[in-house]
Amino acid sequence: MSAVVDEPVETTGERPPDRNTAAADRLTRMFVRFVAIGYLCYFTLLIPRIIEAPVLTASWWTPAAIVAIFGSGMALALVSFRGTLWMKRAAAVNALAYIVLVALWFVAWNGTKIPQDESLWFTAFPGVASLAAAVAWRPRRAFVHMIVAVLLAQCANHLVRDAPFGSFLVSDLAFALVFCAVFLAAAVVGLGTSRTLDETIAATQAAAAAAAAAEARNAERERFDALVHDRVMSTLLAASRNSAGASLAEQARRAVAELDELRGGPGRESALDADAVMARVRSAATEADEDIVFVGRVASECDGASFPTEPARAIAAALAEAVRNSLRHAGDDATRKVEVDVAPRWISVQLVDDGRGFEPDAVDPHRLGLEVSIRGRMRRLAGGHAMVESAPGAGTRVLLSWRDSLA
């Protein structure tokens with residue numbers, strides 16, 4: 001078996017992708033690119049107004065605003081190919097750049113006025129910067145950013161117009177706030193839904209894993225209970241009734257071997273042929289009752305067919321318990337017969353005795369022999385089935401079968 005050596009991995013400060021954040025990552029990536037495209041479109045449409053803007057401010061402001069606002073906005077497209085942390089950092093830079101540069105406009109303005117029907121170019125897209133804020137921060141901060149951005153932009157717009165300050169300011173603020181809030185709310189809901197979806201997927205996977213682990217523990221506990229009942233208790237009971245002999249010693253060795261197998265996990269044997277399946281079932285029956293009549297039939301189609309070990313093991317163990325039950329309860333004069341049919345992807349075992357019989361529905365469900373060692377064992381086997389037919393004075397018939405789900 002080859003050893004696995006962990007190779008050093010270069011770290012970049014970015015956490016490795018988490019499969020439980022896939023939806024949020026994908027939607028954030030698409031959203032960031034959408035914001036970048038929005039900046040590109042606005043820049044293209046506003047070029048004529050941007051060219052005229054330097055006459056209103058100091059010479060440094062317009063180049064700084066173009067680089068800070070549009071440059072950081074279109075840089076979002078590049079960082080969208082990096083991790084989520086990079087996208088959030090770039091979006092925060094862009095959201096803050098808009099606020100800072102619009103605030104600096106009041107410092108850079110030289111007092112020149114524009115006609116009342118015109119507007120400053122940066123008042124056209126405060127909502128786009130707020131969409132970037134929705135990527136970078138929590139919804140409350142994103143809405144605060146939107147209010148501040150719209151307020152600064154509209155105040156600058158009304159201050160530079162050749163009209164009394166405040167005319168139509170309230171109506172323009174209300175329109176801009178509502179218009180931007182609609183798109184920002186949709187963005188917040190979309191991003192939040194993706195995070196909720198990821199959290200739901202993670203919680204569902206955790207619950208499924210916990211349920212599978214609990215089911216595995218219960219199955220292992222039931223298997224241990226059945227083994228203790230089938231091997232350990234029957235060996236101790238036989239030792240208390242008879243003097244030690246070769247058969248009892250062999251039974252004890254087999255009990256210890258199965259306990260070791262249960263502790264160490266499944267064995268290396270991965271498949272059995274039809275003859276090996278028949279031999280295992282025959283061994284289980286004759287070990288429990290040396291005088292039992294055994295009839296085995298193997299279909300001709302089984303040449304070259306293989307069977308998983310678990311069905312053969314489960315059926316053999318359930319049959320051994322059924323035979324021991326018959327020995328204990330059917331009566332001293334009862335005879336037993338086992339018929340086994342093996343076909344490709346199918347095993348059927350039938351045990352019949354002519355003993356005193358019993359009422360299956362009247363058996364205490366907490367009795368380990370019938371419920372755990374026979375029915376429970378076959379129920380846990382995928383494709384397994386167990387049926388017990390009996391009546392007082394009419395003997396007992398136990399049918400154990402397994403069919404491959406692919407058959």
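Leucine 351 has valine 398 as its bridge partner, and valine 398 sits in strand β7. I start with that pair because 6 of the 8 residues of β7 are buried, so the strand is largely enclosed by the rest of the structure. This is a predicted model, by the way.

Now the neighbours of β7, which covers residues 396-403. On one side of the pairing list is β5, residues 346-353, joined to β7 by 8 bridges and running antiparallel to it. Then there is β6, residues 384-390, also antiparallel to β7, with 7 bridges. Within that second pairing, methionine 387 has leucine 399 of β7 as its bridge partner. β6 and β7 make a hairpin, with 5 residues between the two strands. Glycine 393 is in the turn, and its phi is positive, about 80°.

As a general point, side chains in a regular strand alternate between the two faces of the sheet.

Next, the cores. Which residues have the most contacts inside the largest nonpolar core? They are Tyr98, Trp121, Phe122 and Phe125, in a core of 55 residues. Six helices each supply at least two residues of that core: α1 (22-52), α2 (61-79), α3 (84-108), α4 (126-136), α5 (139-160) and α6. The one that gives the most is α3, with 11 residues.

To look at one member in detail, take phenylalanine 125. Leaving aside residues up to four places away in sequence, Phe125 touches Tyr39, Tyr42, Leu46, Ile69, Phe70 and Tyr98. There is also a second core, separate from this one, with 33 residues; Met278, Val281, Leu319 and Leu400 are among them.

From the cores to the surface. Helix α6 spans residues 169-241, and valine 182 lies in it. Is valine 182 buried or exposed? It is exposed, because its relative accessible area is 53% and the cut-off for exposed is over 50%. Val182 also belongs to a nonpolar surface patch of about 550 Å², together with Phe175, Val178, Phe179 and Phe183.

Last, the totals for the chain. It has 10 helices and 7 strands. There are 407 residues, and 40% of them count as buried. The exposed area is about 23,000 Å², of which carbon and sulfur atoms supply 61%. For contacts with a separation of 6 or more, 75% are between residues 24 or more positions apart.

That is the set I wanted to show.

Note on methods. Residues numbered from 1 in each chain as written. Predicted model: local features only at pLDDT ≥ 70, side-chain atom pairs only at ≥ 80, totals over all residues. Heavy atoms only, no water. Patch = residues over 30% accessible without salt bridge, like charges linked within 9 Å, V, L, I, M, F, W, Y side chains within 5 Å. Areas by Shrake-Rupley, 256 points an atom, 1.4 Å probe, with all protein chains shown as cover. Salt bridge = Lys/Arg side-chain N within 4 Å of Asp/Glu carboxyl O. Helix = DSSP H or I, 4+ residues; strand = E, 2+ residues; numbered from the N terminus. Buried < 20%, exposed > 50% of the residue type's maximum accessible area, 1.4 Å probe, protein only. Core = buried A, V, L, I, M, F, W, Y, C linked by side-chain atoms within 4.5 Å. Contact = heavy atoms within 4.5 Å. Pairing = 2+ DSSP bridges.
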